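Biologist: I would like to understand the words you use for this structure. Could you take me through them?

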Amino acid sequence: MSTDGATLFAILGMAATTFACRISGLILGPRFRPQGRLRAAFDAIPPAVLTAVIAPTVLVTGWPETVAGLVTVWAAFRFPMLATILVGVVAVVALRHGLG
Amino acid sequence: MTTLASHPPSARDEIRAAILDIAPALVAAAPIGLLYGALATTKGLDLLDVALSSGLIFAGGAQLAAIQIWTVPVPIAALLLSTLLINARYVLMSASLAPKVAHLPLLGRILGFHVLADENWAMSERRAGGGRISAPYFFGMGVVFWVNWMAFSVLGALTGPLIGDPTRFGADFAFTAMFIALTAGFARSRLSILVIVASAAAAALAHLTLGPPWHVLAGAITGIAVAALASPGEVPA
C-alpha cells in the first residue's frame, strides 16, 4: 500500500470534479422547471448522453464491434437488459475470435 | 409494475423492487469493475488506489478513460479535464432527478447523489415517472450499486495479474451492450430516435477528429440541440 502524492491528488481531484457535477444538479434542480423547447432538450439528455459515450466503440472501432452493436440494438428491443448484454458480449467475442 | 392499491408498499418491498430493477446492471457492472481493477494495476495503481478511486469517484466511464490516459508522471490536468467532460452529464442528470427526490432528507440526497451513476439514475427516473420516488428505493439502489462496484474493482485489482487480458472475454463490450439497452429504453418516439442518431454521428465524428474525451460532449450537445430544434416547441398555457 504505497499510494504516492500525485496519484492520490489525481484521484481526489477526479472525485471532487465528479461530485461537483452530481451535486450542482441537486442545487439547481428544484427551481428548474423547463417547458416547450427547453423541456424537449432536457428530455433528450439521457438518450443523447448514453449514446455519445458508446458511439465510438460501436461505429469507429472495427467491424466486429459495429456488427455486434447492431445485433445488440436488435436484441435491446426484444429482450430484457441482461439477455441483451449476453447477446452483445457473445456476438463480439464470436466476431472477434471465432469468425475474425 | 403497479402495486396493489389496498396497502402502500413497505420499505422492504421498495428495497426489493430496487434490487430487482438494478440486478441486470449489477451483473453488467461486475466485469467492468473487474476490468477497471485489472487495468489499473497494469498502470501502477495499487489496491488502495483502486478502492479509493472506485469509492470516491464512482464513475465507470471516467475511471476507465482515466486509466487509458494514465502515465508516469501522472497527467493531472488531462485526467481532470477528461473526468469533467465525461461526467458533465451528471449536472443535467441530477438536475432532472432532483425535483423527484426533493422530499427526501438533504444529507441523504447529498450521499444519494454521490452514488448516482447512469444505471441507477436511469432506473430512478423510470421509477419516478415524473412523480416521486421512495427513500428505501432510491437509497437502497444507490448503496447496492456502490458496494457492487467497489467489490468488483477491488477483486479485479487482486485477480487482474492472474487472469490476463479481460477483453478476451468480451468484458469491455458488456459496458457498451448495457448502454445500448439503457438507450433503447428511451427510444420511444421519432424525436428520441432522431436524437440518438444525431448524437451517435456527432460522437463518432468527434472521436475521429478531436479524440476522446470530446466525443461525449459533442454527441450530448448535438443530440440535445436536435431535440430543441425539432420539437414543436409549444408552451403549455
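Modeller: Happily; here are the terms, each set against its definition.

Modeller: This is a predicted model, in which local features need pLDDT of at least 70 and side-chain atom pairs count only at pLDDT 80 or more, while totals for chains, interfaces and linings use all residues. Residues are numbered from 1 along each chain as its sequence is written, and chains are lettered from A and ligands numbered from 1 in the order in which they are written.

Biologist: Why is α3(B) called roughly antiparallel to α4(B)?

Modeller: Two packed helices are described by the angle between their axes and the distance between the axes. Helix α3 (residues 60-69) and helix α4 (residues 76-87) of chain B pack at about 150 degrees, with axes 9 Å apart. Angles run from 0 to 180 degrees between N-to-C directions, and axes are lines fitted to C-alpha atoms, for helices over the stretch in contact. Angles under 35 degrees count as roughly parallel, over 145 as roughly antiparallel, 65 to 115 as roughly perpendicular and the rest as oblique. The angle of about 150 degrees therefore makes α3(B) roughly antiparallel to α4(B).

Biologist: And what makes α5(B) roughly parallel to α7(B)?

Modeller: Helix α5 (residues 89-97) of chain B meets helix α7 (residues 118-128) of chain B at an angle of about 25 degrees, and their axes are 10 Å apart. That angle is why α5(B) is roughly parallel to α7(B).

Biologist: Which residues of α5(B) and α7(B) meet?

Modeller: From α5(B) come Met93(B), Ser96(B) and Leu97(B), and from α7(B) come Trp121(B), Ser124(B) and Glu125(B). Residues are in contact if their C-beta atoms, placed from the backbone, lie within 7 Å.

Biologist: How do you know that this contact divides into three nonpolar, two polar and one charged?

Modeller: Ala, Val, Leu, Ile, Met, Phe, Trp, Tyr, Cys and Pro count as nonpolar, Asp, Glu, Lys and Arg as charged, and the others, Gly among them, as polar. Met93(B), Leu97(B) and Trp121(B) are therefore nonpolar, Ser96(B) and Ser124(B) polar, and Glu125(B) charged.

Biologist: What does the contact between the chains take from each?

Modeller: Chain A gives 63 residues and chain B gives 80 residues. On the chain A side, α1(A) supplies the largest share, 18 residues. That side divides into 43 nonpolar, 17 polar and three charged residues.

Biologist: Where do the domains of chain B lie?

Modeller: The domain assignment gives domain 1 (12-186) and domain 2 (188-237). Their C-alpha centres lie 23 Å apart, and the contact takes eight residues from domain 1 and nine residues from domain 2.

Methods
Contact = placed C-beta atoms within 7 Å. Helix = DSSP H or I, 4+ residues; strand = E, 2+ residues; numbered from the N terminus. Domains from an automatic or database assignment.
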